[in-house]
Amino acid sequence: MVPTWLILSTTIVLLLLWLAVAAWVVGARLAHDRLVRVRRRDAGLLADGADPERWSRRRLWRTADGDWLRGSAEAAGELVSRDGPRLRRAATGNAHRRSHALRVLTRGGSTFAFRLLRSALDTEHAEVRAAIVAIAAEQQTPAADDLLLQILVDGSHPRSRTATELTPRARRLAPQLIDLTDHAEPEVRYWALMLLRDAPGKPGAKAAAVRCSGDPSGTVRSAAARLLGATRTGDVQHILRALLADEIFFVRAHAARAVGEVGAESLAGDVAALLADTSWWVRAAAKETLFLLGDSGLEAATETLEDVDGFARDGAREVVSAFRRETRPLELVG
Amino acid sequence: MSIVRDLVQWTVIVCLGYVVAVYGAYGAMITYSMLEERFRRRRRIFESLDRVRASTLTIPVSIIAPVYNEAPVVAASTRSFLEIDYPEYEVIVVNDGSTDDTLAVLLSEFELEPIEHFYRRRYESGPIRGLYRSRTHPKLIVIDKVNGGKADSLNCGLNLARYRYICGVDGDTILSHTCLLNGMRLALADPQRIVGVTGHIAISSRPEEALAKNGEPAKLDSRPLLVFQHCDYLRSFFNNRLGWTRLNTMLCAVGAFQIWRSDVIEEIGGFSTTFTCEDIELTFRVHEHFRRQGRPYEIVALADTVGVTEGPDTVRKLVAQRERWQRVILETVVSYRRMMFRRRYGTVGFIGVPFFVLSEVIAPVFELLAMLALIASVALHTLEPEQALLTLVALALMNGLMTSAAVLLEDRTSRVYPVRDLVRLILLGPLDLVIYRPFIVWARMKGTWRYLRGDQGWHKFERNARPAT
């Protein structure tokens with residue numbers, strides 16, 4: 001039916017393919033393990049003062065590229081001084097080589113590095129843009145700060161990821177972030193406020209939050225509420241009171257949490273009223289906050305125990321029981 | 001006699017056609033998987049988990065772990081959930097009316113105390129008998145409820161989950177320390193679009209012993225049956241799911257590790273209790289929902305091993321597990337058959353579901369037919385014995401090739417197993433066809449038969465034996 005030679009030759013081809021893939025697996029793994037070992041050793045040598053000038057390009061490249069190690073900058077610097085023009089050409093080439101060349105140029109302190117990183121942002125390859133953000137995030141320089149802020153504003157990389165990279169430098173960048181809270185795009189204003197939560201004490205941060213508490217965008221108002229909470233100052237209570245009555249549920253929820261964070265005991269009654277909110281998120285935030293407010297929270301919750309609303313009664317009883325003064329089972333009407 | 005010979009010949013030809021079609025589909029999917037793996041690897045070279053870990057912007061996650069009669073492993077698995085390296089998360093363990101000591105173990109191991117907690121009932125679920133919080137681990141909440149099945153327990157956990165993302169896990173799964181960082185790193189890349197994330201789970205007879213000190217999977221099980229299952233998981237994950245991700249046609253976010261945006265789960269009404277198993281049905285439902293509405297979304301697979309789960313250590317238990325899987329696949333595919341070849345369902349309707357039908361639904365029929373036809377061909381002298389043997393060797397090598405491709409994809413991402421384990425996996429690949437596959441064929445046939453009879457039982461396999469402590 002099927003000639004034997006055909007089955008035999010198919011079998012031989014499959015055998016060879018199987019052996020080839022097996023060799024690939026084992027070979028690639030051994031090569032990887034060796035590379036990790038050798039990189040670590042070489043980076044250590046450079047960090048301890050070895051002279052990179054006598055090293056081959058290949059050896060320098062493998063030390064300069066890859067995860068950041070002590071000694072990577074020395075290797076990259078030597079490569080930049082030896083091969084600058086070639087690296088710059090590679091930094092405008094195809095996607096994969098481009099990212100690596102950009103990293104070496106940046107680590108090596110090339111004067112062209114940030115200009116090349118900026119121009120590479122136009123690429124259609126998402127992985128190159130991700131690489132640019134990561135490369136800039138390694139550098140604690142004003143040029144890196146500016147580039148990351150630019151990427152946050154133009155949205156060429158998911159803003160949540162860019163903001164993650166910006167978090168550790170939020171304190172340093174507070175003035176620029178405060179400026180961004182006036183940006184035309186709500187998403188930029190949102191992320192600027194979110195980042196300012198790591199620098200709430202900086203001059204102008206609280207004022208920006210107060211200003212944005214009246215923003216037309218609900219997400220921006222919620223971020224403003226969170227920033228107000230992070231300021232932990234009591235003089236924002238009137239703003240928080242307004243946000244507790246916001247039309248959007250997540251603004252009310254964040255405002256309720258902010259009340260707890262700033263310890264605004266005078267707002268305990270307003271928060272207790274949220275135990276009857278239509279949104280579970282708001283009710284949950286209100287319960288947490290009442291507990292955080294201590295005696296005033298307990299008092300407000302106790303007053304709500306006889307509320308006409310079932311949600312409010314159960315929420316209040318849960319708060320009271322959390323203070324270990326109420327052990328009756330709940331109605332669980334939710 | 002000539003009619004029988006003709007029939008056998010035609011059966012062989014049809015089976016050969018099936019083999020070519022199915023391996024062709026696998027080959028295409030491996031190509032897509034390799035492209036996806038390369039894309040991920042290149043992107044990952046420049047990413048740092050440290051910054052995700054340190055950021056106050058990282059989105060919190062609620063882990064929900066239904067447990068039912070998991071006393072031997074529940075303490076270890078819960079501990080692994082609590083040791084996850086992630087900025088903010090909570091662990092909700094749902095004891096689904098266990099009849100063994102599961103709750104007692106949890107009570108003593110984590111110093112649980114009863115609490116009163118007012119929660120919303122967004123999803124219907126069985127009655128709750130008690131709620132507990134740990135004195136020693138503030139992240140941990142334990143729900144004790146009346147038995148209602150895994151989907152019911154997940155729904156119950158959802159009612160108490162506080163965060164925007166939920167991660168459904170199995171109670172017998174030991175999660176690696178970095179599973180959430182890796183999973184949420186993908187979700188964070190585009191939180192508006194990525195609605196679900198799943199990851200590869202390794203197999204061990206005792207998962208609680210399979211992690212290294214750094215919290216990552218470190219060694220293969222020593223028993224061949226477990227290693228064959230490990231190969232099976234590797235193939236189904238790295239050869240298929242990565243490719244499905246590339247085509248945005250992920251068909252099953254595995255129940256042992258499934259991250260979902262909770263608003264999406266709410267939108268589609270939670271986990272379904274009318275199906276035998278919840279994970280594959282939920283994934284199909286998410287596709288159906290978003291594609292029908294023409295909204296952009298993605299369900300993605302991580303190219304990382306996120307944990308180790310307990311695999312059956314005897315053939316009987318393996319057959320019980322796999323026959324259930326076959327029933328679940330049949331239930332889901334039949335229920336969502338309207339998605340096949342419909343334009344509105346895009347790649348899911350034109351590639352995903354047909355691929356599933358080809359490789360899973362009709363596979364047992366053709367596998368059995370092929371075996372019988374091969375034997376009959378030799379008996380009727382339409383095929384020489386050496387030809388039949390060579391055909392078997394060729395098929396075994398094809399299987400070996402698939403396994404090696406999966407091992408390659410896995411190792412390029414994680415580099416967790418020592419070289420000797422990689423060699424072991426590769427060498428066992430071709431033997432899979434003759435040692436392991438017959439049991440799977442039998443289980444699938446049994447599953448198909450039980451599906452046709454309307455069986456919807458879980459038939460949970462017994463826990464593997466452990467030395468007394």
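Biologist: In this predicted model, how many residues does each chain bring to the contact between chain B and chain A?

Modeller: The contact draws 47 residues from chain B and 48 residues from chain A, where two residues are in contact if their C-beta atoms lie within 7 Å. On the side of chain B that touches chain A, the helices α1 (2–44), α2 (49–54), α6 (179–189), α13 (385–414) and α14 (419–435) of chain B each supply at least two residues, and the largest share, 15 residues, comes from α13(B).

Biologist: What kinds of residues make up the side of chain B that touches chain A?

Modeller: That side of chain B divides into 25 nonpolar, ten polar and twelve charged residues.

Biologist: Why is B:Asn69 called buried or exposed?

Modeller: A residue is buried if 20 or more other C-beta atoms lie within 10 Å of its own, and B:Asn69 has 20 other C-beta atoms within 10 Å, so B:Asn69 is called buried. B:Asn69 lies in the loop between β1 (61–67) and α3 (71–82) of chain B.

Biologist: And why is B:His381 called buried or exposed?

Modeller: The word exposed is used if 12 or fewer other C-beta atoms lie within 10 Å, and B:His381 has 9 of them, so B:His381 is called exposed. B:His381 is found in the loop between α12 (363–379) and α13 of chain B.

Biologist: What makes the phi of B:Asn69 worth a remark?

Modeller: Most residues other than glycine have a negative phi. B:Asn69, although it is not a glycine, has a positive phi of about 50 degrees, and B:His381, also a residue other than glycine, has a positive phi near 60 degrees.

Biologist: How do you know whether chain A is a compact globule, judging by its radius of gyration?

Modeller: For 334 residues, a compact globule would have a radius of gyration near 20 Å, whereas chain A has 29 Å, and chain A therefore does not match the globule rule. The C-alpha atoms of chain A fill a box of roughly 85 × 70 × 40 Å along the principal axes. Chain A is divided into domain 1 (55–169) and domain 2 (232–334), and the centres of these domains, taken over C-alpha atoms, are separated by 48 Å.

Biologist: Which residues touch the most other members of the largest nonpolar core?

Modeller: Among the 130 residues of that core, they are B:Ile63, B:Ile64, B:Ala65, B:Ile92 and B:Val93, while α13(B) gives the most to this core, with 14 residues. A second, separate core of 97 residues includes A:Leu152, A:Ala264, A:Leu293 and A:Phe311.

Key
Residues are numbered from 1 along each chain as its sequence is written. Chains are lettered from A and ligands numbered from 1 in the order in which they are written. This is a predicted model: local features need pLDDT of at least 70, side-chain atom pairs count only at pLDDT 80 or more; totals for chains, interfaces and linings use all residues. Helices (H or I, at least four residues) and strands (E, at least two) are DSSP runs, numbered from the N terminus. Ala, Val, Leu, Ile, Met, Phe, Trp, Tyr, Cys and Pro count as nonpolar, Asp, Glu, Lys and Arg as charged, and the others, Gly among them, as polar. Domain bounds come from an automatic or database domain assignment. A nonpolar core is a set of buried Ala, Val, Leu, Ile, Met, Phe, Trp, Tyr and Cys residues joined through C-beta atoms within 7 Å. The radius of gyration is taken over C-alpha atoms; the globule rule is 2.2 Å times the number of residues to the power 0.38.
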